[in-house]
Structures are given as C-alpha cells and as structure tokens.
Protein chains: 2
Amino acid sequence: MAASLPQTPTPILDAQRVQRNIAFMAARAERAGALFRPHFKTHQSAAVGEWFRDHGVRAITVSSLQMAEYFAAHGWRDITVAFPFNPLELARATTLAAQVELGLLVQSGEVVQELDRALQHPVQIWIKIDAGYGRAGIRWDRIERVTELALQIAGGKHIHFAGLLVHSGHSYHQSGVAAAQRIHAQCLERLLPLQCALLDAGLEECRLSVGDTPCCSMVEDFGPVDELRPGNFVFYDLQQRALGACGDADLALALACPVVGLDSERGRLLLYGGSVHLSRDRVALPSGAQAHGLLSAAPPWRGGWPATAELGVPWNSAVLTSLSQEHGLVELPPGEVRRYREGDLVLVFPAHSCLSCDPHSHYLDLDGARHGRFRLA
Amino acid sequence: MAASLPQTPTPILDAQRVQRNIAFMAARAERAGALFRPHFKTHQSAAVGEWFRDHGVRAITVSSLQMAEYFAAHGWRDITVAFPFNPLELARATTLAAQVELGLLVQSGEVVQELDRALQHPVQIWIKIDAGYGRAGIRWDRIERVTELALQIAGGKHIHFAGLLVHSGHSYHQSGVAAAQRIHAQCLERLLPLQCALLDAGLEECRLSVGDTPCCSMVEDFGPVDELRPGNFVFYDLQQRALGACGDADLALALACPVVGLDSERGRLLLYGGSVHLSRDRVALPSGAQAHGLLSAAPPWRGGWPATAELGVPWNSAVLTSLSQEHGLVELPPGEVRRYREGDLVLVFPAHSCLSCDPHSHYLDLDGARHGRFRLA
C-alpha cells in the first residue's frame, strides 16, 4: 500500500543521499587517519544512527546528556557530550558513566572538582578550547590555565584527561575551500603549542578533536588531529551549500509543507510551515536576499504519495522570504503560482537543517517509512 | 517538600502575573463590548487555559487543528482555528466538527467547496482579510472577491458565514499607543466598507474579529469589533515591552537556564540555553543592540528551589547577545560575572515568548508545580 501524505509540516529525508553523505565523511576521516566520531545532534534519530554503523562508526558525539541517554538506550556505547558540563546534571552523568564510555567537556576547575567527587566510573574529560570562534572554552593562548586544569584532571580518581576539543564555528562566516583550510590551519597553529606544553608538563596523552562541517567537508590536509566530529553533513543544508561545503544533490533533508494560500497577484504561496517548524535561521542568496529556505524544483506532491518521490534540487528563484509562527511565505517568479493548488505538499530545503529537524518527532523517508527521533523531555 | 531545581532549560511562569494579565485583557474586551476569544497558541497549556475560565472565557482561538484537538480533549467546546484551512486535514476537521463548535478560516473558493462537500456538522467559516499586514488573506479592497466568497459560504450545507477575521501583525513594527490606535483605526476603515458591502449583498451577519496583542493592549476605542483574539498578552515578552504593550512587572514567563561557563575576562556567562530552547527571535534594545533575551535582576537560583522564588524584572544591561543550537552568551557589565557560579540557574526573559515556549513539554510555576502543554505529534 502506498504511504499516505503527511497532513502537517514534516521533515522528509532522502536515505540514499544520507548514506552517501555518511560514506563521504567516513572516507575523509579515514584518509585523515582520524577517528570519525560524528555529531548526532543534527539527525537525533536512532534509525539514522544505524546507517553509520555500516561505516564502522562506534563512537558518537551528542550535545546533551538527555540525547546521550537516548542513544545509550539504542545501543551506543561510546558517547562524548560536546557541551560544557552542567553541574546540575551530576547525578545523570554518574548514572550514564556506569553504562557507557562517556566523554565530558569542561572549562573550569570547579566543575572538574565536582565531577571528580561524584563520579564512580571512568570518564574521559576533554578541555574545551576557544581557538578563535569566541563562543565557549578557554582561549588557546592561556597555556598556564589549560595546563593547570589538565593536571587537575589527570590527578583525579575516575576522570581521565582525554585532550583538547575545539569547534571552529567561525567557519560558517566565510565560504570556500581556501577559507576552510585557513581556519583549520590557524586552529592547528593554536592547538599544537598547547598540546606540546601539556605533554611537556607530564601528561601522558593529549588528543585533538575538531568538528565543524565546513572544515570537515573541505579541508584536504587535517594534520595531526585525532578525531573529527562533524554533524550537519548528514543532511547538509542551504547554509552549507552557500559555504561551498556541499552541492545541490547532497541536500538530504527537506520539509514537506502544505500549501494553504495562493496569491497570483503578488506571485506568492502561503505555506503551513512557520518558525515553529523551520526555525528562523536564514541564508544569504547570491542575489543578496535572505532566505529561510528554497522550494524544491520537484513537482508538488498532490493527492497521494508520488510513485517516484524525490527531494529534487533547490529552485533558486522560489524563496521562502518570511516566516511567522505557523506561516511561511514563498515568493515565486511571475506566473509560477499557477503550478500549485491549495492542499499540495511542497518540499522546502531549509537554511539550517539542524534547527529545522528539532521540533519534529520523526522523519519520513521517500518511501513514506517513519523514523523516530529524540525530543526534549 | 521543596521542589527540586530543573536541570535543563525550562520555562518558568509566574501564575500571579499570568492571572493578572488575563484579568486585564478580559476587562478590556468587556469594556469594548467584544467577545474575548483568547488565542491559546502562546501558552498551549490546558492548565493555563483553566485560569481563563475564571474570567468567563468559553471560546478560544488556536493555530492548528492538532492544537484544537488538544484543547477539545481538555473540555473546550468553542474553538476557532485562526489559520487558513489546509485541505489535507479535511478528515480531521470533519471529526472535530462533530465534537465542538468549530470555526475555520478560508481565503479561497476551492477550499470552501471542499469543506462544504466533506463537513457533516455545522462549522463557522471566517474569511481571512489582509487589512495591511500583507501576510495572508484577501486584500481589504477586493470587495467583489470577498462578497462572492461570502455568498458561496452562506449558500453551503453545513457551513455558515461568520464574518471577517484580521491579524494586524504590522502592529509589531511600530511602538506606542498612538501607533496602535492608528493601525486599529486603519483596520476598521478598511473592514467597515467591506462589512457594509456584505450586508448589502444579503448576508445575514458579518462579525469582525481582530487579534494582535499590541493593539488589544493599547487601543482605547475598539469601535464596532465583535471579538478580540490576542494571545501573547498571557505572558508578554521583551518585544511587547519594547512596543509599550506591557511593563516589566507584566512579564510572566522566563526561561531558567543553567550557567555552564564564566568568562570574567570578557564579562560573559555561557548558558545552557540556545536556539532550540529559546528560538532565534530578537528585540532591539534602547541602546540599539539586538537581544535574544535579558537576564532577570533576581538573584540566581542556587542549590535548591528558592524559599521565595520570583521572576523579578529584566536587568537591562545583562543581554543575551548570541545563540547557537544549545549555547547562549550573556554579556554583563564589568565585574558582574563574579555574582555567578557554574551550576546556577539564571532566569532569561525571552524576546518572543510564544516561540520560547514552543519546544518545551511543560512549565514550572514559582512553587515548582508542573503544568503540561501541547506538543506537535
């Protein structure tokens, strides 16, 4: 029996593209001689997680302890929570550390002390370093402070010093391969002296973990990094496309949105699909315009699940220009509104796939099969 | 027993302020001689809904059929879905119409035809009018088109023409009482000729329904409107405060966020609380800076539920300047970082309360009691 069409905004994934994206990134990590520890915060789905196992992935990254619990319940046994540890979740971490090989992130001695007092099982502790992004972590040039913290960790009971963890989020502000290489090279220039200082101070090991999708997609020589933690690449999105990190046919996720209004005078479609379904993130188009998303060039889905459902590629002149809570407005080229009817489902490639998946309880694939995902309790 | 502190970002409501806000708006609607049909899309909570009953509220507005089903299951019997009807949900509407007095919104004859064919129980049909906002609806000056549509509805089997429904969302772009009055006056100037034309064309009645929180909070003379549908006023937020629609002590919702990083050098706090918890909406501060939120001036919650928990009022110089998926960065005045420790819970007043509640499954009130809310299936 053919699947029935979703009635409300629903994320649709192209399993083939997802699997190709995973294979691509697994091969890059292998060439780099680095452990591939993908970030699961983008898909947040046990089902999608299974597809990574085919590429030998055994170690993952998540962004919260709740998400770690979800993936632990689905059989993952090596999980790094790549977010500065929140002391209010000490009991949760202690329980989880009994079940999986847990990695946690710290940036202060007070938090290390609390962890060391509470934990009853071995935990890998990473120090979060700010290598230029300026969001979180200890600045790369505070060598003394980092050394002191690493030694404190190494002296702990159940905690082990794992190394230095960086997220070069400023790679989202520049496009192209050269920019990615420059950002990664600068990151290494800043991490290596720190790593040297720590080894000189007597620490047994100091791994280097990096992770943004633009650099992981475009850098050719990763140098001596020990692990790669990209996440977004599993679906990619229009922001990544604008950076040059992916092409049209790598976009593996779109939101199916019902058309609820036609405005042929103004050349617009009104969609059921707003900021609660898509987030308010935007991307700059080559024209300079800001878009929350682009329609797919694939024909709308009408009357039932298409015989050959496909995500298609972005239609660069069908722009989701404005969002309110449940409404999305798409501006079309002159005369194109007539392609659509109320009750059609259109596919919207989002500016930022991570945030566009977050509100939803599940994905559908192109066969209409349902894949559940983690949600905040 | 005292409540235990939430461990992750959690919306906290001040029940007294909520009830005061409800009383305030109920009184305004009464003075205006209009039905108070509050929009429940902001709180989306059956528990908060109960507080409206004390003010005689029996009729509500929601923004999706799923939300309507949730409130129908919680005893609400008169529900308008103030969103252009989505033909993919015809079966859902048909079922719901058997259970409650249902109001639906249309803007095209094709959709009216589909509804009329499918519905087996009486439904109130509103025509969505664009009176200047430019988002959805038929333009106010398309009198012929509106008349034709109204007559089509009036000629239907189970569908009844209710009237004209407007959302003046452009009231969010100008601040102050005078601006709100001007926008409302213009809205009436545009609706009244349309109403006249419809009555002249033989329609028995044509109610006028308006609803944005800025106008509903500030306009003194509503003229001949039949119902008011504001929603945001139940919590208000920093955007409404910037518009002059509320004061500091009316802000009834804040997000409790764990402090996970202190940066005394740069005068910053790193919060566990990002765009998945708060949305990316912003508000312009008097300084011109853009803020996703402001910290409360109330002391942080530390070590347990405070003996006298309070939301406090915004601390105008403690600004949530940047958000990523799970991270929030707060910039503080020089020297103020020392007030905080990792593991503290701080209260963040959001720029836009509707979107900041949306990702969460429940609220806590100031006594730590839990109030569930609707979530997307």
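**A walk from one salt bridge to the whole assembly**

Let us start inside chain A, where the side chains of Glu227(A) and Arg37(A) form a salt bridge, with 3.1 Å from N to O. This pair ties together distant parts of the chain, 190 residues apart. Glu227(A) belongs to strand 10 (residues 227-228) of chain A, while Arg37(A) sits in the loop between strand 2 (35-36) and helix 2 (46-53). Please keep in mind, as you turn the view, that this is a predicted model. Over all chains, the count comes to 34 salt bridges.

Now step back to the layout of chain A. Its domain assignment gives domain 1 (77-230) and domain 2 (248-372). Taken over C-alpha atoms, the centres of domain 1 and domain 2 of chain A are separated by 37 Å. A useful landmark is Gly368(A), which you will find in the loop between strand 19 (362-365) and strand 20 (370-372) of chain A. Leaving aside residues up to four places away in sequence, Gly368(A) touches Ala3(A) and Trp305(A). Phe83(A) lies 285 residues from Gly368(A) along the chain, and 34 Å separate the C-alpha atoms of these two residues.

Next, bring chain B into view. The contact draws on 63 residues from chain A and 62 residues from chain B. Between them the two chains bury about 5000 Å², and 50% of that area is on carbon and sulfur atoms. What holds charged side chains together across this interface? Six salt bridges are found between chain A and chain B. To see a salt bridge between the chains, look at Arg266(A) and Asp130(B), whose side chains meet at 3.2 Å, N to O. Polar contacts add to the picture, with 23 residue pairs across the interface of chain A and chain B, both residues being at pLDDT 80 or more.

Which parts of chain A face its partner? Several elements each supply at least two residues of the side that touches chain B, among them helix 3 (65-73), strand 4 (78-84), helix 5 (109-118) and strand 11 (253-263). By residue type, the side of chain A that touches chain B divides into 24 nonpolar, 20 polar and 19 charged.

Finally, consider how the two chains are arranged. A rotation of 180° with 0.0 Å of shift along its axis superposes chain A on chain B, with an RMSD of 0.0 Å. The two copies are therefore related as by a two-fold rotation axis. The same surface serves both copies, since 98% of the contact residues of chain A recur in chain B.

Note on methods: Residues are numbered from 1 along each chain as its sequence is written. Chains are lettered from A and ligands numbered from 1 in the order in which they are written. This is a predicted model: local features need pLDDT of at least 70, side-chain atom pairs count only at pLDDT 80 or more; totals for chains, interfaces and linings use all residues. Side-chain values use heavy atoms; hydrogens and water are left out. Contact means heavy atoms within 4.5 Å. Buried area is the accessible area (1.4 Å probe) that two parts lose on being put together, summed over both. A salt bridge is a side-chain nitrogen of Lys or Arg within 4 Å of a carboxyl oxygen of Asp or Glu. A polar contact is a pair of N or O atoms within 3.5 Å; within protein, one must be able to donate a hydrogen and the other to accept it, and residues adjacent in sequence count only if both atoms are side-chain atoms. Helices (H or I, at least four residues) and strands (E, at least two) are DSSP runs, numbered from the N terminus. Ala, Val, Leu, Ile, Met, Phe, Trp, Tyr, Cys and Pro count as nonpolar, Asp, Glu, Lys and Arg as charged, and the others, Gly among them, as polar. Copies are superposed by least squares on the C-alpha atoms of residues with pLDDT of at least 70 in both. Domain bounds come from an automatic or database domain assignment.
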